[in-house]
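Good morning, everyone, and thank you for making room for this short talk. Please have the sequence and the structure open while I speak, so that you can look up each place as I name it.

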Amino acid sequence: MGATTGRITAVLGPTNTGKTHYAIDRMLGHRTGVIGLPLRLLAREVYDRIVALRGPSVVALVTGEERIVPDRTQYWVCTVEAMPLEIGADFVAIDEIQLCADPDRGHVFTDRLLRARGLHETLFMGAETMRPAIAGLVPGVTFLKRERFSELTYTGSKKISRMPPRSAIVGFSVENVYAIAELIRRQKGGCAVVMGALSPRTRNAQVALYQNGDVDYLVATDAIGMGLNLDIKHIAFSATAKFDGRRMRGLYPQELAQIAGRAGRHTENGTFGVTGEARPFDEEIIEAIENHQFAPVRKLMWRNHALDFGNADRLIRSLEEHTSNEWLTRARDADDVLALKSLVEMPEVRDRLTGPKRVQLLWDVCRVPDFRGASASDHAGLLARLFEFLCGRGLGGGRVPSDWIGKAVARIDRTDGDIDAISKRLAYIRTWTYIAQRKGWVDNESHWRDETRAVEDRLSDALHARLTQRFVDRRTSVLLRRLKQKETLVAEVNDKGEVTVEGEFVGRLEGFRFRQDASTSPDEAKVMAQAAVQALKPEFHLRADRFYNAPDTEMDFTEQGGLMWGTTAVGKLVKGAEALRPSVEAFVDEEAGFEVAEKVRRRLQHFIDRKVAALFEPLAAMSRDETLTGLARGFAFRLVEGLGVLPRDLVANDVKELDQESRGALRKHGVRFGQFTIFLPLLLKPAPTRLRLVLWSLWNGLDEFPESPPPGLVTIPNVAEVPKSHYTLAGYHPAGSRAIRIDMLERLADILRQKDSRAGFEATPDMLSITGMTLDQFADLMAGLGYKGEKAERAKVKTSEPVVVAPAVDPDAPQNPIPEEVSVLAPVPEEPQAEAAAPEMESFYTFTWAPKPRNPRPERGARPQGERRERPAGDRPRGERPQGDRPQGDKPRSERPQGDRRDRPQGEGKPAQGKGDRPKNDRGGKGDRGKGGDRPDSNKPRQFEARPQRAEKPIDPDNPFAALMALKGKV
């Protein structure tokens, strides 16, 4: 396109003046036209607009990586570098002409300003700062000034958390853009991301998120300053400096204005400001941006277009040629010139430069952009390999091998990985897309163009998905869009209690409390909570009705006092007026209302009242029994206070004062007077035990409740840090290193009373079976009960072998004859006797009663022979009483094991086992006698007492052993 007599117009003005729209209208008024745009993204946007107006059959799209050229093309939409200059179009337009001053690409725009012309009309669109330069370089140009449709106002600095909706935050590095986008996702629910490195497909998908209202925020690089028309109300700069490829530098005022001008579209006013660590703008810059007044451009970047391909050196000299025009200055060496200088230094490349065509081919190869951002040496190596392929072996030239490009494309064709990995593959495929677009470089050009384009589309879709997944909360975007449209949000609750608003999960309904999803951003949390609560109001009432009518089998209490409905916590137990009458606290949200809360509370109270009544029915019956009077009633009250379990040492005096009639009345209610514990066996079952621990902990105000042992265990470890009362409430008695179940301990005590604890006895299989212990473990238990165990060994008694009876011999049966050499009178030879084997040994313990004294016995002189100091049996030293694993002196006299008192002189420290004030058991007022308890052993000396014989008491008819006692004297 050379100079023509067609009209040349420069349409100048700030952003948002409709310059690009004006150029499209003018082009469509001609039969053919070409429009050059600064970005591939913008070229695709304009292409889509023209296709929508005229159809795809007459519109071409030509960029470095994309080429769509129908057979009947009339209108060409291109990047400035890809503009066809030789087709003779009626109309030519160049957008963003102020880029003539750009250090990297300015020489391309300057070349189009000087040489690209339409046959009938030429348009240059850009900033007002280009007016002097265009007037000085383009003769006969006409200027058309366009005013901004809306006002632009500076609003200062704002935090991202206070950023208004429909804002764009601008960063100048990928890392900065990603960090801001992540922050906005957490605080605002999400944002779209637009960068120049994105493919048009990814960019369009991201822009659609913003334009459709799925997100209210956009994070972008300065790419949005180049003609991207978006619905932006506010532009915020997160930085005011950028890396321009060579160095970090501050943005020029006109660059700031180009980006800020994207705020406020058409007639809607816009604002701009700073955020983050960016310093506020100076007053001069603010005034310049608001009034669109900037210093004019004085120098345009220029590079010689008349290249000399005679040889490599002449080509480089022509590229380095200077100009004498006052408006032009030679551009610095661009990437293509640097690549050329690098390649001509390679011997293998220089050897192939055999003529001007090879030199021109090398120049075309050097113009392949470094999309990968690789090092200069890596990029030069790729270009050298391409040049080698294209030179071929003959003069006719070659092609890039299909298998080589195929392997490279296959390595890139992967959609796994994170954003950075996919972005890198997308940059790599752009290189192969560019190569496939070059005419005559590859075989089957259409195949490789389609193949590379398909890979780019797949990677673009994957990158969009990763960007959306990382920087957009889809749930939030849906809610914000519906709220913006002022529509009623639809919320639902499924069978699992999951709450959804507009199909998006927002939380969970746990019982009668709504648990909002913790991943929500602060701004949307309130909105979602309000929408969810509105939908949950009817659900609260329905659920309360269902809970009120639910059976008790669906409810339970936890060992820490929680109240459960299935697997959901709906309340907790709190201290009531009495230990057996706890109160409840319901877990119900305030939004559910008082009616729902009261209904849940009443149902929970009914449940726990029935549970206590069922599990502690023996205590309730005993407290209601009006026949219990006097001491018996008082003792029953103590049992109710102890929730059915009382250590005997705490009530020893009360037990002594109970007569047989009172004990009988209490036994009717299942009370058992054990040697160590007074308890109701029914209340030792797992369920009452579990509830007893909870009720006792509530009544005593514990922060952490003791847990009941697993059911079925006879013994459990005795942990020193655990109070003894906890073991008692759990139904266990500590002794030694373990604690034994109360009822099993009483069974063991019954057996021990039949043994002679003074002379000593061994553990029987019954004892070990009751406790479920080994012999050593049993010895430790007995030590905890106050017995001394002496370990010894002895030969293990083997059971005698059965005698084998020889079968009877029939005299008439034939016998084996005696050999002649054997004399019947010869003596029978003696068989050699085997050495006696060592006997097998076994261990055993001998247990004797050996309580630990509470206080050391004072030293005293020898008592005269025959002198005896009489004292009441009740004054026996406390040091002689049996102890558990706790300090032994704390046990009352009534808890020690009893022996047969009649078989020893009165006053000795031997435990009582017969008459006297020994502790009573559950078989009557007196302790159980041994099998020989009614008559002394004939091998022992008879013992006599000075006190008169006691009068026989009448037999209690309610005593379960009354029949046996009546037969006592008759046997």
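I will begin with the whole chain, then go through some helices, and finish with a few single residues.

Please keep in mind throughout that this is a predicted model. The secondary structure of the protein chain comes to 29 helices and 34 strands, and of its 971 residues, 48% are buried. If we take the contacts in the chain with a separation of 6 or more, then 68% of them are between residues 24 or more positions apart.

Let us turn to the helices, starting with α2, which covers residues 40–54. At 1.5 Å a residue, the 15 residues of α2 should span 21 Å, and since its end C-alpha atoms are 21 Å apart, the expectation and the model agree. The buried residues of α2 include the run R40, L41, L42, A43, R44, E45, V46 and Y47, and further along there are also I50 and V51. After α2 comes G55, whose phi is positive, near 95 degrees.

Helix α19, residues 594–615, can be checked in a similar way, for its 22 residues reach 32 Å from the first C-alpha to the last, close to the 32 Å expected at 1.5 Å a residue. Among the residues that are buried in α19 are V596, V600, L604, F607, I608, V612 and L615, and K599, R603 and Q605 are buried there as well.

Now to a pair of helices, α20 with residues 617–624 and α21 with residues 630–641, which pack at an angle of about 150 degrees with their axes 10 Å apart. How are α20 and α21 oriented to each other, roughly parallel or roughly antiparallel? Angles over 145 degrees count as roughly antiparallel, and therefore α20 and α21 are roughly antiparallel to each other. The crossing in which α20 passes α21 is left-handed. On the side of α20 the contact is made by L619, M622 and S623, while α21 brings R633, A636, L639 and V640. Sorted by class, this contact of α20 with α21 has 5 nonpolar residues, 1 polar and 1 charged.

That brings me to the single residues. Most residues other than glycine have a negative phi, and with that in mind I would like you to find two places in the chain. L643, in the loop between α21 and β27, has a positive phi of about 60 degrees although it is not a glycine. H292, in the loop between α8 and β17, is likewise not a glycine, and its phi is positive at about 55 degrees. Which of our three classes, buried, partly exposed or exposed, does H292 belong to? H292 is partly exposed, with a relative accessible area of 28%, whereas L643 counts as buried at 1% relative accessibility.

Next, please look at D90, which has its place in the loop between β5 and β6 and, at 7% relative accessibility, counts as buried. Beyond its neighbours within four places in sequence, D90 is in contact with H30, R31 and T32, and also with G118, L119, H120 and E121.

Finally, F673 belongs to strand β28 and counts as buried at 0% relative accessibility. Although F673 and E746 are 73 residues apart along the chain, their C-alpha atoms are separated by 9.5 Å.

Thank you for listening, and I am glad to take questions.

Note on methods
Residues numbered from 1 in each chain as written. Predicted model: local features only at pLDDT ≥ 70, side-chain atom pairs only at ≥ 80, totals over all residues. Heavy atoms only, no water. Axes fitted to C-alpha atoms, helices over the stretch in contact; angles between N-to-C directions. Helix = DSSP H or I, 4+ residues; strand = E, 2+ residues; numbered from the N terminus. Parallel < 35°, antiparallel > 145°, perpendicular 65-115°, else oblique. Left-handed = near helix turned anticlockwise from the far one by under 90°. Contact = heavy atoms within 4.5 Å. Nonpolar A, V, L, I, M, F, W, Y, C, P; charged D, E, K, R; others polar. Expected span 1.5 Å × (residues − 1). Buried < 20%, exposed > 50% of the residue type's maximum accessible area, 1.4 Å probe, protein only.
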